[in-house]
Amino acid sequence: MAMTTSHMPRPSFNNSQGIRFSQKPSWFRAQPRTKLNPSVNIKASAGVRKEDIVIVGAGIAGLATAVSLHRLGIGSVVLEQAASLRTGGTSLTLFKNGWRVLDAIGVADTLRGQFLEIQGMAVNSEDGRELRSFKFKDEDQTQEVRAVERRILLETLANELPPETVRFSSKLGKIQSSENGETLLQLTDGTTLLAKIVIGCDGIRSPIAKWMGFSEPKYAGYSAFRGLGVYPDGQPFAANVNYIYGRGLRAGYVPVSPTKVYWFICYNSPSSPGPKITDPALLRKQAKELVNNWPEELIRLIDLSPDETISKTPLVDRWLWPGLSPPASTGKVVLVGDAWHPMTPNLGQGACCALEDSVILTKKLANAIKSGPAAIEGALRAYGEERWPRVFPLTVRANLVGSLLQWDNQLVCSIRNNIVIPKLVRLGPVLEHTNFECEPLKA
(Lines give C-alpha, C1' and ligand atoms only; values in the text may rest on other atoms or scores of the structure.)
Protein backbone atom coordinates (compact mmCIF):
# COMPACT_ATOMS: atom_id res chain seq x y z
CA MET A 1 0.00 0.00 0.00
CA ALA A 2 1.07 3.58 -0.54
CA MET A 3 3.20 5.19 2.12
CA THR A 4 3.19 8.45 3.99
CA THR A 5 6.04 10.86 3.36
CA SER A 6 8.15 13.12 5.52
CA HIS A 7 11.69 14.40 5.31
CA MET A 8 14.33 12.15 6.79
CA PRO A 9 18.10 12.65 6.95
CA ARG A 10 19.78 11.96 3.64
CA PRO A 11 21.69 8.68 3.67
CA SER A 12 25.30 8.56 2.68
CA PHE A 13 26.07 6.83 -0.61
CA ASN A 14 29.30 5.07 0.28
CA ASN A 15 29.40 2.53 -2.51
CA SER A 16 32.01 2.15 -5.26
CA GLN A 17 31.47 4.52 -8.13
CA GLY A 18 32.26 2.34 -11.14
CA ILE A 19 32.78 3.77 -14.62
CA ARG A 20 29.98 5.75 -16.19
CA PHE A 21 29.01 4.63 -19.69
CA SER A 22 32.16 2.53 -20.10
CA GLN A 23 32.54 1.23 -23.65
CA LYS A 24 29.32 2.90 -24.74
CA PRO A 25 28.94 4.47 -28.21
CA SER A 26 30.26 8.01 -28.47
CA TRP A 27 26.77 9.37 -29.09
CA PHE A 28 25.90 8.27 -25.55
CA ARG A 29 28.92 9.68 -23.74
CA ALA A 30 28.49 11.20 -20.29
CA GLN A 31 28.65 14.98 -20.35
CA PRO A 32 30.58 17.20 -17.94
CA ARG A 33 28.41 18.62 -15.21
CA THR A 34 28.94 22.24 -14.32
CA LYS A 35 27.11 24.62 -12.04
CA LEU A 36 24.52 26.72 -13.84
CA ASN A 37 23.28 30.23 -13.26
CA PRO A 38 19.64 29.76 -12.15
CA SER A 39 18.51 32.61 -14.39
CA VAL A 40 19.79 31.05 -17.62
CA ASN A 41 17.32 31.40 -20.52
CA ILE A 42 15.98 28.04 -21.67
CA LYS A 43 16.92 28.90 -25.28
CA ALA A 44 20.50 29.74 -24.45
CA SER A 45 22.19 26.47 -25.37
CA ALA A 46 25.47 27.50 -23.73
CA GLY A 47 23.67 27.49 -20.35
CA VAL A 48 21.90 24.15 -20.71
CA ARG A 49 23.34 21.16 -18.85
CA LYS A 50 23.40 18.06 -21.04
CA GLU A 51 22.61 14.62 -19.65
CA ASP A 52 22.18 11.20 -21.21
CA ILE A 53 19.46 9.71 -18.99
CA VAL A 54 17.42 11.75 -16.53
CA ILE A 55 15.11 9.95 -14.12
CA VAL A 56 12.48 12.19 -12.52
CA GLY A 57 11.57 10.98 -9.04
CA ALA A 58 13.61 9.19 -6.36
CA GLY A 59 10.93 6.83 -5.14
CA ILE A 60 10.98 3.06 -5.52
CA ALA A 61 10.52 3.15 -9.31
CA GLY A 62 13.14 5.85 -9.87
CA LEU A 63 15.83 4.41 -7.64
CA ALA A 64 15.26 0.82 -8.84
CA THR A 65 15.58 2.01 -12.44
CA ALA A 66 18.76 3.91 -11.65
CA VAL A 67 20.27 0.89 -9.87
CA SER A 68 19.26 -1.42 -12.73
CA LEU A 69 20.96 0.86 -15.25
CA HIS A 70 24.01 1.13 -13.02
CA ARG A 71 24.29 -2.66 -12.88
CA LEU A 72 24.69 -2.64 -16.67
CA GLY A 73 27.27 0.14 -16.60
CA ILE A 74 24.85 2.88 -17.65
CA GLY A 75 24.80 6.09 -15.64
CA SER A 76 21.84 8.31 -14.95
CA VAL A 77 20.82 11.41 -13.03
CA VAL A 78 17.88 11.18 -10.63
CA LEU A 79 15.96 14.38 -9.88
CA GLU A 80 14.10 14.48 -6.57
CA GLN A 81 12.03 17.52 -5.65
CA ALA A 82 12.35 16.95 -1.89
CA ALA A 83 15.39 18.05 0.09
CA SER A 84 16.19 14.42 0.99
CA LEU A 85 14.90 10.93 0.31
CA ARG A 86 11.22 10.94 1.20
CA THR A 87 11.54 7.97 3.47
CA GLY A 88 8.81 8.59 6.00
CA GLY A 89 5.72 6.45 6.25
CA THR A 90 5.07 2.82 6.93
CA SER A 91 5.75 -0.28 4.88
CA LEU A 92 4.79 -2.14 1.73
CA THR A 93 4.33 -5.83 1.06
CA LEU A 94 6.57 -7.45 -1.54
CA PHE A 95 5.63 -10.80 -3.03
CA LYS A 96 7.99 -13.12 -4.88
CA ASN A 97 7.93 -11.10 -8.12
CA GLY A 98 9.27 -8.09 -6.24
CA TRP A 99 11.97 -10.22 -4.62
CA ARG A 100 12.98 -11.64 -8.01
CA VAL A 101 13.74 -8.10 -9.17
CA LEU A 102 15.59 -7.20 -5.98
CA ASP A 103 17.66 -10.36 -6.45
CA ALA A 104 18.39 -9.36 -10.05
CA ILE A 105 19.70 -5.93 -9.05
CA GLY A 106 21.68 -7.28 -6.11
CA VAL A 107 19.97 -5.85 -3.02
CA ALA A 108 17.57 -8.60 -1.92
CA ASP A 109 19.83 -10.31 0.60
CA THR A 110 20.60 -7.00 2.32
CA LEU A 111 16.86 -6.54 2.86
CA ARG A 112 15.96 -10.12 3.71
CA GLY A 113 18.05 -10.00 6.86
CA GLN A 114 16.02 -7.08 8.20
CA PHE A 115 12.44 -8.23 7.62
CA LEU A 116 10.41 -11.26 8.62
CA GLU A 117 9.29 -13.75 6.00
CA ILE A 118 5.50 -13.99 6.18
CA GLN A 119 4.30 -17.58 6.43
CA GLY A 120 0.62 -17.25 5.64
CA MET A 121 -2.57 -15.25 5.95
CA ALA A 122 -5.70 -15.37 8.08
CA VAL A 123 -9.05 -13.79 7.23
CA ASN A 124 -11.42 -12.91 10.06
CA SER A 125 -14.80 -11.25 10.41
CA GLU A 126 -15.17 -8.12 12.51
CA ASP A 127 -16.46 -10.19 15.44
CA GLY A 128 -13.19 -12.19 15.50
CA ARG A 129 -14.45 -15.32 13.73
CA GLU A 130 -11.84 -16.92 11.44
CA LEU A 131 -13.19 -17.27 7.91
CA ARG A 132 -10.16 -18.85 6.27
CA SER A 133 -6.42 -19.28 6.71
CA PHE A 134 -3.65 -20.21 4.28
CA LYS A 135 0.03 -21.08 4.33
CA PHE A 136 1.89 -19.59 1.39
CA LYS A 137 4.34 -22.48 0.99
CA ASP A 138 1.48 -25.00 0.95
CA GLU A 139 0.20 -23.35 -2.22
CA ASP A 140 3.54 -22.41 -3.80
CA GLN A 141 6.92 -23.49 -2.48
CA THR A 142 8.59 -20.59 -4.34
CA GLN A 143 6.40 -17.89 -2.82
CA GLU A 144 8.19 -15.24 -0.75
CA VAL A 145 6.34 -12.52 1.13
CA ARG A 146 7.79 -9.83 3.37
CA ALA A 147 6.54 -6.46 4.55
CA VAL A 148 9.38 -4.00 4.01
CA GLU A 149 9.83 -0.56 5.53
CA ARG A 150 9.78 2.01 2.76
CA ARG A 151 12.57 4.01 4.40
CA ILE A 152 14.98 1.09 4.47
CA LEU A 153 14.12 0.00 0.92
CA LEU A 154 14.80 3.48 -0.48
CA GLU A 155 18.03 3.95 1.45
CA THR A 156 19.25 0.51 0.40
CA LEU A 157 18.64 1.33 -3.27
CA ALA A 158 20.17 4.80 -2.98
CA ASN A 159 23.32 3.43 -1.38
CA GLU A 160 23.93 1.29 -4.47
CA LEU A 161 24.32 4.38 -6.66
CA PRO A 162 27.42 6.49 -7.30
CA PRO A 163 27.59 9.66 -5.18
CA GLU A 164 25.74 12.63 -6.63
CA THR A 165 23.48 10.46 -8.79
CA VAL A 166 20.45 11.69 -6.85
CA ARG A 167 20.01 15.47 -7.00
CA PHE A 168 17.75 16.76 -4.28
CA SER A 169 15.67 19.97 -4.24
CA SER A 170 15.27 19.51 -8.00
CA LYS A 171 11.60 20.03 -8.80
CA LEU A 172 10.49 19.80 -12.41
CA GLY A 173 8.80 22.99 -13.55
CA LYS A 174 8.48 22.51 -17.30
CA ILE A 175 9.10 19.84 -19.90
CA GLN A 176 9.24 20.26 -23.67
CA SER A 177 10.63 18.51 -26.71
CA SER A 178 13.52 20.01 -28.62
CA GLU A 179 13.94 20.00 -32.37
CA ASN A 180 16.67 17.34 -32.31
CA GLY A 181 14.49 14.82 -30.43
CA GLU A 182 15.98 15.49 -27.02
CA THR A 183 13.96 16.80 -24.09
CA LEU A 184 14.32 20.07 -22.22
CA LEU A 185 13.64 19.93 -18.49
CA GLN A 186 13.39 23.24 -16.67
CA LEU A 187 13.54 23.04 -12.89
CA THR A 188 11.84 25.50 -10.59
CA ASP A 189 15.21 26.85 -9.44
CA GLY A 190 15.98 27.93 -13.02
CA THR A 191 18.30 25.03 -13.89
CA THR A 192 17.75 23.64 -17.38
CA LEU A 193 18.70 20.15 -18.51
CA LEU A 194 18.79 18.73 -22.02
CA ALA A 195 18.27 14.96 -21.82
CA LYS A 196 18.64 12.29 -24.46
CA ILE A 197 16.25 10.05 -22.50
CA VAL A 198 13.75 11.00 -19.76
CA ILE A 199 12.25 8.37 -17.46
CA GLY A 200 9.24 9.60 -15.51
CA CYS A 201 9.07 7.96 -12.08
CA ASP A 202 7.31 10.91 -10.48
CA GLY A 203 4.41 9.07 -8.90
CA ILE A 204 0.63 9.06 -8.99
CA ARG A 205 0.27 12.78 -9.78
CA SER A 206 3.05 12.70 -12.38
CA PRO A 207 3.57 16.01 -14.21
CA ILE A 208 5.31 14.05 -16.97
CA ALA A 209 2.28 11.78 -17.42
CA LYS A 210 0.07 14.86 -17.61
CA TRP A 211 2.37 16.37 -20.27
CA MET A 212 2.08 13.10 -22.23
CA GLY A 213 -1.72 13.35 -22.21
CA PHE A 214 -2.68 10.93 -19.44
CA SER A 215 -5.81 11.58 -17.39
CA GLU A 216 -5.71 12.16 -13.66
CA PRO A 217 -6.00 8.96 -11.59
CA LYS A 218 -9.59 8.21 -10.56
CA TYR A 219 -10.71 7.98 -6.93
CA ALA A 220 -11.83 4.41 -6.12
CA GLY A 221 -14.48 5.42 -3.57
CA TYR A 222 -12.59 4.53 -0.41
CA SER A 223 -9.60 5.75 1.59
CA ALA A 224 -7.01 4.18 3.85
CA PHE A 225 -5.50 4.93 7.22
CA ARG A 226 -2.04 3.43 7.70
CA GLY A 227 0.50 3.21 10.46
CA LEU A 228 3.40 1.29 11.93
CA GLY A 229 3.03 -0.02 15.46
CA VAL A 230 6.28 -0.19 17.44
CA TYR A 231 6.90 -2.71 20.25
CA PRO A 232 10.30 -1.92 21.82
CA ASP A 233 10.29 -5.20 23.77
CA GLY A 234 9.13 -7.31 20.85
CA GLN A 235 5.83 -7.61 18.98
CA PRO A 236 3.54 -10.55 19.91
CA PHE A 237 2.22 -11.67 16.51
CA ALA A 238 2.94 -14.73 14.39
CA ALA A 239 4.41 -14.05 10.95
CA ASN A 240 1.08 -13.92 9.13
CA VAL A 241 -0.92 -11.34 7.22
CA ASN A 242 -4.12 -10.78 9.22
CA TYR A 243 -7.25 -9.39 7.53
CA ILE A 244 -10.49 -8.32 9.21
CA TYR A 245 -13.56 -7.76 7.00
CA GLY A 246 -16.60 -5.74 7.98
CA ARG A 247 -19.32 -3.90 6.06
CA GLY A 248 -17.82 -1.11 3.95
CA LEU A 249 -14.82 -1.34 6.24
CA ARG A 250 -11.80 -3.63 6.49
CA ALA A 251 -8.49 -3.67 8.27
CA GLY A 252 -5.30 -5.64 8.27
CA TYR A 253 -1.95 -5.95 10.00
CA VAL A 254 1.28 -7.78 9.29
CA PRO A 255 4.55 -8.06 11.24
CA VAL A 256 7.43 -6.26 9.56
CA SER A 257 10.24 -7.08 11.98
CA PRO A 258 10.59 -8.40 15.54
CA THR A 259 9.58 -4.96 16.87
CA LYS A 260 7.31 -3.41 14.20
CA VAL A 261 3.87 -4.21 12.77
CA TYR A 262 2.26 -2.49 9.79
CA TRP A 263 -1.52 -1.87 9.87
CA PHE A 264 -4.16 -0.35 7.63
CA ILE A 265 -7.87 0.47 7.68
CA CYS A 266 -9.88 0.96 4.48
CA TYR A 267 -13.26 2.69 4.74
CA ASN A 268 -15.88 3.75 2.23
CA SER A 269 -16.27 7.41 1.37
CA PRO A 270 -18.00 7.21 -2.03
CA SER A 271 -18.59 10.87 -2.88
CA SER A 272 -15.13 12.22 -2.04
CA PRO A 273 -12.12 11.41 0.14
CA GLY A 274 -12.83 14.48 2.25
CA PRO A 275 -10.37 17.18 3.33
CA LYS A 276 -6.70 16.36 3.67
CA ILE A 277 -5.74 15.89 7.32
CA THR A 278 -2.17 15.97 8.58
CA ASP A 279 -2.69 16.31 12.35
CA PRO A 280 -1.52 12.94 13.77
CA ALA A 281 -3.75 13.21 16.83
CA LEU A 282 -6.84 13.68 14.66
CA LEU A 283 -5.80 10.89 12.29
CA ARG A 284 -5.28 8.51 15.21
CA LYS A 285 -8.66 9.47 16.70
CA GLN A 286 -10.52 8.94 13.42
CA ALA A 287 -8.82 5.59 12.76
CA LYS A 288 -9.72 4.27 16.22
CA GLU A 289 -13.32 5.44 15.91
CA LEU A 290 -13.76 3.38 12.74
CA VAL A 291 -12.78 0.12 14.46
CA ASN A 292 -13.84 0.93 18.00
CA ASN A 293 -15.61 -2.41 18.56
CA TRP A 294 -13.14 -4.54 16.59
CA PRO A 295 -10.40 -6.81 18.03
CA GLU A 296 -8.40 -5.09 20.75
CA GLU A 297 -5.01 -5.82 19.14
CA LEU A 298 -5.89 -3.48 16.27
CA ILE A 299 -6.70 -0.63 18.66
CA ARG A 300 -3.43 -1.22 20.50
CA LEU A 301 -1.49 -1.16 17.22
CA ILE A 302 -2.89 2.27 16.44
CA ASP A 303 -1.97 3.52 19.92
CA LEU A 304 1.60 2.23 19.54
CA SER A 305 2.21 3.96 16.20
CA PRO A 306 4.50 7.01 16.21
CA ASP A 307 2.84 10.15 14.90
CA GLU A 308 5.04 10.33 11.81
CA THR A 309 3.89 6.91 10.58
CA ILE A 310 0.13 7.59 10.65
CA SER A 311 -1.46 8.76 7.41
CA LYS A 312 -4.75 8.92 5.57
CA THR A 313 -4.75 8.53 1.79
CA PRO A 314 -7.49 8.40 -0.86
CA LEU A 315 -7.00 5.30 -3.03
CA VAL A 316 -6.87 5.89 -6.77
CA ASP A 317 -6.04 4.12 -10.01
CA ARG A 318 -5.83 4.69 -13.77
CA TRP A 319 -7.17 2.16 -16.25
CA LEU A 320 -5.05 2.06 -19.40
CA TRP A 321 -7.82 1.39 -21.87
CA PRO A 322 -6.48 0.12 -25.22
CA GLY A 323 -6.88 2.68 -27.96
CA LEU A 324 -7.88 5.40 -25.50
CA SER A 325 -4.93 5.83 -23.13
CA PRO A 326 -1.64 7.23 -24.45
CA PRO A 327 1.26 4.80 -24.82
CA ALA A 328 3.91 4.48 -22.11
CA SER A 329 6.37 6.55 -24.14
CA THR A 330 6.42 9.65 -26.29
CA GLY A 331 9.59 9.99 -28.32
CA LYS A 332 12.38 9.42 -25.81
CA VAL A 333 10.24 10.10 -22.73
CA VAL A 334 8.85 7.07 -20.90
CA LEU A 335 6.89 6.35 -17.72
CA VAL A 336 7.57 3.76 -15.01
CA GLY A 337 5.53 2.60 -12.01
CA ASP A 338 2.78 4.74 -10.50
CA ALA A 339 3.45 7.53 -12.96
CA TRP A 340 2.10 5.24 -15.69
CA HIS A 341 -0.20 2.70 -14.02
CA PRO A 342 -1.29 3.71 -10.49
CA MET A 343 -3.33 0.90 -8.97
CA THR A 344 -5.18 0.33 -5.74
CA PRO A 345 -3.22 -1.71 -3.17
CA ASN A 346 -5.66 -4.62 -2.96
CA LEU A 347 -3.28 -7.12 -4.58
CA GLY A 348 -0.09 -5.71 -3.06
CA GLN A 349 1.34 -5.20 -6.54
CA GLY A 350 2.02 -1.47 -6.90
CA ALA A 351 5.66 -1.60 -5.80
CA CYS A 352 6.19 -5.05 -7.31
CA CYS A 353 5.04 -3.88 -10.74
CA ALA A 354 7.23 -0.77 -10.50
CA LEU A 355 10.21 -3.01 -9.80
CA GLU A 356 9.32 -5.22 -12.77
CA ASP A 357 9.03 -2.13 -14.97
CA SER A 358 12.50 -1.01 -13.96
CA VAL A 359 14.33 -4.15 -15.07
CA ILE A 360 12.34 -4.66 -18.28
CA LEU A 361 12.96 -1.06 -19.33
CA THR A 362 16.64 -1.27 -18.41
CA LYS A 363 17.24 -4.38 -20.52
CA LYS A 364 15.57 -2.86 -23.55
CA LEU A 365 17.43 0.43 -23.16
CA ALA A 366 20.79 -1.30 -22.74
CA ASN A 367 20.34 -3.19 -26.01
CA ALA A 368 19.18 -0.05 -27.81
CA ILE A 369 22.13 2.01 -26.59
CA LYS A 370 24.50 -0.48 -28.20
CA SER A 371 22.64 -0.14 -31.49
CA GLY A 372 22.62 3.67 -31.69
CA PRO A 373 20.19 6.57 -31.18
CA ALA A 374 17.71 5.39 -33.81
CA ALA A 375 16.91 2.33 -31.68
CA ILE A 376 15.95 4.21 -28.50
CA GLU A 377 12.37 5.14 -29.38
CA GLY A 378 11.68 1.61 -30.59
CA ALA A 379 13.02 0.19 -27.33
CA LEU A 380 10.75 2.45 -25.28
CA ARG A 381 7.74 1.46 -27.39
CA ALA A 382 8.66 -2.22 -26.98
CA TYR A 383 8.81 -1.76 -23.20
CA GLY A 384 5.29 -0.32 -23.16
CA GLU A 385 3.96 -3.04 -25.45
CA GLU A 386 5.44 -5.75 -23.24
CA ARG A 387 4.31 -4.28 -19.95
CA TRP A 388 0.76 -3.20 -20.87
CA PRO A 389 -0.70 -6.76 -20.94
CA ARG A 390 0.76 -7.22 -17.48
CA VAL A 391 -0.19 -3.99 -15.70
CA PHE A 392 -3.62 -3.23 -17.20
CA PRO A 393 -5.28 -6.49 -16.06
CA LEU A 394 -3.67 -6.19 -12.63
CA THR A 395 -5.00 -2.63 -12.24
CA VAL A 396 -8.52 -3.76 -13.14
CA ARG A 397 -8.32 -6.84 -10.94
CA ALA A 398 -7.07 -4.85 -7.95
CA ASN A 399 -9.98 -2.46 -8.36
CA LEU A 400 -12.54 -5.27 -8.57
CA VAL A 401 -11.09 -7.05 -5.55
CA GLY A 402 -11.29 -3.79 -3.61
CA SER A 403 -14.95 -3.35 -4.60
CA LEU A 404 -15.70 -6.89 -3.39
CA LEU A 405 -13.98 -6.29 -0.07
CA GLN A 406 -15.62 -2.88 0.47
CA TRP A 407 -19.19 -4.12 0.05
CA ASP A 408 -21.50 -2.71 2.71
CA ASN A 409 -24.75 -4.55 1.89
CA GLN A 410 -25.56 -6.89 4.77
CA LEU A 411 -26.74 -9.78 2.58
CA VAL A 412 -23.82 -9.50 0.17
CA CYS A 413 -21.32 -9.36 3.06
CA SER A 414 -22.92 -12.43 4.59
CA ILE A 415 -22.50 -14.35 1.32
CA ARG A 416 -18.88 -13.15 1.08
CA ASN A 417 -18.05 -14.18 4.64
CA ASN A 418 -19.96 -17.48 4.75
CA ILE A 419 -19.63 -18.82 1.19
CA VAL A 420 -17.15 -16.99 -1.03
CA ILE A 421 -14.15 -16.77 1.33
CA PRO A 422 -14.55 -20.06 3.27
CA LYS A 423 -15.55 -22.28 0.35
CA LEU A 424 -14.65 -20.75 -3.01
CA VAL A 425 -11.39 -18.81 -2.68
CA ARG A 426 -8.18 -20.70 -3.53
CA LEU A 427 -4.87 -19.04 -2.73
CA GLY A 428 -2.93 -20.54 -5.65
CA PRO A 429 -4.96 -18.82 -8.42
CA VAL A 430 -5.25 -15.67 -6.31
CA LEU A 431 -1.44 -15.31 -6.24
CA GLU A 432 -0.71 -16.55 -9.76
CA HIS A 433 0.06 -12.97 -10.79
CA THR A 434 3.17 -13.02 -8.58
CA ASN A 435 4.97 -15.32 -11.05
CA PHE A 436 7.78 -13.37 -12.71
CA GLU A 437 11.20 -14.51 -13.81
CA CYS A 438 14.17 -12.16 -13.89
CA GLU A 439 17.83 -12.96 -14.52
CA PRO A 440 20.56 -11.05 -12.64
CA LEU A 441 21.65 -7.81 -14.32
CA LYS A 442 25.34 -7.87 -15.18
CA ALA A 443 27.34 -5.49 -17.33
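**Exercise 1. The surroundings of helix α5**

Task: In this predicted model, determine which elements cover the buried residues of α5, and how many residues of this helix are buried.

Solution.
Step 1. Look at the cover. The elements over the buried residues of α5 include the helices α1 (60-71), α2 (96-104) and α3 (108-112), together with the strands β3 (91-94) and β6 (146-149).
Step 2. Count the buried positions. Helix α5 spans residues 150-158, and eight of its nine residues are buried, so the helix is mostly covered.
Step 3. Name these positions. The buried residues of α5 are R150, I152, L153, L154, E155, T156, L157 and A158.

**Exercise 2. The chain as a whole**

Task: State what the secondary structure of the protein chain comes to, what percentage of its residues is buried, and what accessible surface it has.

Solution.
Step 1. The protein chain contains twelve helices and 17 strands.
Step 2. Of its 443 residues, 56% are buried.
Step 3. The accessible surface of the chain is about 18,900 Å², and carbon and sulfur atoms contribute 51% of this area.
Step 4. Consider contacts between residues at least 6 apart in sequence: 77% of them join residues at least 24 apart.

**Exercise 3. The packing of α2 against α9**

Task: Describe the geometry with which α2 and helix α9 pack, and identify the residues that make the contact.

Solution.
Step 1. The axes of α2 and α9 (residues 350-371) lie 8 Å apart and form an angle of about 35 degrees.
Step 2. The crossing of α2 and α9 is left-handed.
Step 3. On the α2 side, the contact is made by N97, G98, V101 and L102; on the α9 side, by C352, L355, E356, S358 and V359.
Step 4. Sorted by class, the residues in this contact are five nonpolar, three polar and one charged.

**Exercise 4. Cysteines and disulfides**

Task: Establish how many disulfides the structure holds, and decide whether C352 is buried or exposed.

Solution.
Step 1. The structure holds zero disulfides.
Step 2. C352 is in no disulfide, and the nearest cysteine sulfur, belonging to C353, is 7.1 Å away. The cut-off for a disulfide is a sulfur separation within 2.5 Å.
Step 3. C352 has a relative accessibility of 0% and is therefore buried.
Step 4. Another cysteine, C201, is also buried, because its relative accessible area is 7% and the limit for a buried residue is under 20%.

**Exercise 5. A proline in a loop**

Task: Locate P232 and decide whether P232 is buried or exposed.

Solution.
Step 1. P232 belongs to the loop that lies between β11 (218-230) and β12 (240-245).
Step 2. Its relative accessibility is 71%, so P232 counts as exposed.
Step 3. P232 is separated from K260 by 28 residues in sequence, while the C-alpha atoms of the two are 8.3 Å apart in space.

**Exercise 6. Positive phi values**

Task: For E164 and S169, state the value of phi, then give the loop in which each residue is found.

Solution.
Step 1. Recall the general rule: most residues other than glycine have a negative phi.
Step 2. E164 has a positive phi, near 75 degrees. E164 is placed in the loop between α5 and β7 (166-167).
Step 3. E164 is exposed because its relative accessible area is 53%, and the limit for an exposed residue is over 50%.
Step 4. S169 also has a positive phi, near 50 degrees. S169 is in the loop between β7 and β8 (172-177).
Step 5. With a relative accessible area of 45%, S169 is partly exposed.

Note on methods:
Residues are numbered from 1 along each chain as its sequence is written. This is a predicted model: local features need pLDDT of at least 70, side-chain atom pairs count only at pLDDT 80 or more; totals for chains, interfaces and linings use all residues. Side-chain values use heavy atoms; hydrogens and water are left out. Buried means under 20% relative accessible area, exposed over 50%, partly exposed in between (1.4 Å probe, protein chains only). Helices (H or I, at least four residues) and strands (E, at least two) are DSSP runs, numbered from the N terminus. Contact means heavy atoms within 4.5 Å. Accessible areas come from the Shrake-Rupley method with a 1.4 Å probe; for residues, only the protein chains shown count as cover. Axes are lines fitted to C-alpha atoms, for helices over the stretch in contact, and angles run from 0 to 180 degrees between N-to-C directions. A crossing is left-handed if the near helix is turned anticlockwise from the far one by less than a right angle, and right-handed if clockwise. Ala, Val, Leu, Ile, Met, Phe, Trp, Tyr, Cys and Pro count as nonpolar, Asp, Glu, Lys and Arg as charged, and the others, Gly among them, as polar.
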